[in-house]
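Reader: I am new to this structure and would like to understand the words used to describe it. Could you take me through it step by step?

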Amino acid sequence: MNLSQVGEFGLINLLNKKMIHSPAGVIAGIGDDAAVLQCPGDCWQLFTTDMMVEGIHFRLDWSAYFDVGYKALAVNISDIAAMGGRPSHGVVSIAIPGHTRVEDVAELYRGLKEIAGKHKVNLVGGDTVKSPGPLVVNIALLGEVTAGRAVFRSGARPGDTIYTTGNLGTAAAGLYLLSQNGVCPPELRDRVIRAHLRPEPRVSEGILLGSLEGVAALDDNSDGLAAELREICRASSVGCLVWEKALPVLPGVRQLASQAGTGVLDWVMNGGEDYELLFTLRPDRRKPVEEALHEAGIPFTAIGVVVPEPEGLSVERCDGTREIIAMQGYNHFAE
Ligand SMILES: Nc1ncnc2c1ncn2[C@@H]1O[C@H](COP(=O)(O)OP(=O)(O)O)[C@@H](O)[C@H]1O
Ligand SMILES: Cc1ncc(C[n+]2csc(CCOP(=O)(O)OP(=O)(O)O)c2C)c(N)n1
Ligand SMILES: [Mg+2]
Ligand SMILES: [Mg+2]
Ligand SMILES: [Mg+2]
């Protein structure tokens, strides 16, 4: 069987049997943004890892080494944020092609340390090996969350409102400009390329959401809205209806998407790498939670509603018609 027949998530499902030998310490294992582990005192420990591979996650003709280091830690911090937690300690493993200059590796570490400083992450170890091919950076990151306050993908119920922080499709627009040499005003160009190269994980937002009663499910958007909502649907045994009209997209990004000929819905659903937080909220808690988010200055938008599982994942198009979302989001082994 080849990998594209099972896909990334099918492969993980095949592998994930008999992985836990001492279940007492494991509150949640495979299946969420980070594992949740028992630890002494009034906190739970979070543990996650994400890898970046040259040619798949970045290209060195588009990204400075600084950006590679910055993003490698940003995406891991985002997984901790997606549990409602705070990142704490990380280890960094790098596989480096032999022709790489020392100064370039130092730049990668400057990027790592820059974002580690912003979020007070201690980098406490790692591993260094030679790569016969691409540059690879892997980080494993610990975090913590107040016991009982982690927000899982599995908490959504029909009737919840679906929200996202920030804007969607911005990083996809950046990738488009880098890969297709599209034209656009310089300020927009800088903004969308920065969103792609240097995402800012929403840590304080995740912690606030985790502290607010009624926030039911939480996830970060690495693979696109279609993929992340599908994860919430699967984990919570629900369906989701997205309102196309409500999707928060920068006006310039809409224009770029029509220039690209893809349509912005494709960028929102499949583009990924926005690293915004996606969450669901009990309907009777909308007012107080929205007020708390406004007060904290956090941008957010209601983008749909959780529906019963048999209704599946669908979108209400701007013309009022409703259709099933066939788009899958980013999958490492899609054909
Ligand atoms: N090779 C693997 N072995 C065990 N668990 C894995 C593996 N790859 C991914 N997982 C787990 O599968 C889940 C989904 O992974 P992924 O889609 O990468 O999550 P995320 O988008 O939050 O980074 C996570 O809980 C992750 O820990
Ligand atoms: C050169 C290049 N091509 C394509 C992409 C787009 N891309 C690569 S991986 C990915 C999805 C996110 O990465 P993944 O490893 O799936 O992160 P995770 O879901 O585990 O957090 C996307 C949208 C990119 N970032 N760079
Ligand atoms: Mg991952
Ligand atoms: Mg991730
Ligand atoms: Mg992914």
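Reader: Which residues are around ligand 1?

Author: Happy to start there, and please keep in mind that this is a predicted model. Ligand 1 is surrounded by Ile12, Leu15, Asn16, Ile30, Gly31, Asp32, Asp33, Asp50, Asp79, Ser222 and Asp223. Sorted by class, that shell holds three nonpolar, three polar and five charged residues.

Reader: What makes Asp50 buried or exposed?

Author: The count of other C-beta atoms within 10 Å decides, and 20 or more are needed for a residue to be buried. Asp50 has 22, so Asp50 is buried. Asp50 sits in strand S3, residues 43-53. Beyond four places in sequence, Asp50 touches Val75, Asn76, Asp79 and Ile139.

Reader: And what makes Asp79 buried or exposed?

Author: The cut-off is again 20 or more. Asp79 has 25 other C-beta atoms within 10 Å, so Asp79 is buried. Asp79 belongs to helix H2. With neighbours within four places in sequence left aside, the contacts of Asp79 are Asp33, Ala34, Thr48, Asp50 and Asp220.

Reader: Why are the residues that UniProt lists, Asp50 and Asp79, said to gather at one spot?

Author: In the UniProt record, an unreviewed entry, Asp50 and Asp79 are listed under "binding site". They span 30 residues in sequence, but no two of their C-alpha atoms are more than 8.7 Å apart, so they gather at one spot.

Reader: Which residue does the other "binding site" annotation cover?

Author: That annotation, from the unreviewed UniProt entry, covers Asp223. Asp223 lies in the loop between strand S8 (215-220) and helix H7 (225-236). Set against the cut-off of 20 or more, its 23 C-beta neighbours inside 10 Å make Asp223 count as buried. Apart from neighbours within four places in sequence, Asp223 is in contact with Glu228, Gly272, Gly329 and Tyr330.

Reader: Why does Ile30 count as buried, exposed or partly exposed?

Author: Buried takes 20 or more, exposed takes 12 or fewer, and partly exposed is in between. Ile30 has 13 C-beta neighbours inside 10 Å, so Ile30 counts as partly exposed. The loop between strand S1 (26-28) and strand S2 (35-38) holds Ile30. Ile12, Asn16 and Met19 are in contact with Ile30 when its neighbours within four places in sequence are left aside.

Reader: Which residues surround ligand 2?

Author: The shell consists of Asp50, Ile56, His57, Phe58, Arg59, Val75, Leu175, Ser222, Asp223, Gly272, Glu273 and Tyr330. By class, there are five nonpolar, three polar and four charged residues around ligand 2.

Reader: How do you know which domains the shell around ligand 2 draws on?

Author: The protein chain is divided into domain 1 (3-146) and domain 2 (153-324). Each of these domains gives at least three residues to the shell around ligand 2.

Reader: How far apart are the centres of domain 1 and domain 2, and how many residues does each bring to their contact?

Author: Taken over C-alpha atoms, the centres are separated by 23 Å. Domain 1 gives 21 residues to the contact and domain 2 gives 20 residues. On the domain 1 side, helix H2 (65-81) and strand S4 (86-97) each supply at least two residues. H2 provides the largest share of that side, nine residues. The residues on that side of domain 1 divide into nine nonpolar, six polar and six charged.

Reader: Why is the protein chain called as compact as a globular protein of that length?

Author: The chain has ten helices and 13 strands. Its radius of gyration is 20 Å, close to the 20 Å that the globule rule gives for 335 residues, so the chain is as compact as a globular protein of that length. Buried residues make up 42% of the 335 residues.

Reader: What is notable about phi in Lys18 and Lys120?

Author: Most residues other than glycine have a negative phi. Lys18 has a positive phi of about 55°, and phi of Lys120 is near 55°, also positive. Lys18 is in the loop between helix H1 (3-15) and S1, while Lys120 is in the loop between helix H3 (102-118) and strand S5 (122-131).

Reader: What makes Lys18 and Lys120 buried or exposed?

Author: A residue with 12 or fewer is exposed. Lys18 has 6 C-beta neighbours inside 10 Å, so Lys18 counts as exposed. Lys120 has 10, so Lys120 counts as exposed too.

Definitions and conventions. Residues numbered from 1 in each chain as written. Chains lettered and ligands numbered in written order. Predicted model: local features only at pLDDT ≥ 70, side-chain atom pairs only at ≥ 80, totals over all residues. Near = placed C-beta within 6 Å. Nonpolar A, V, L, I, M, F, W, Y, C, P; charged D, E, K, R; others polar. Domains from an automatic or database assignment. UniProt positions renumbered as here; feature names shortened; annotations may be inferred. Helix = DSSP H or I, 4+ residues; strand = E, 2+ residues; numbered from the N terminus. Contact = placed C-beta atoms within 7 Å. Rg over C-alpha atoms; globule rule 2.2 N^0.38 Å.
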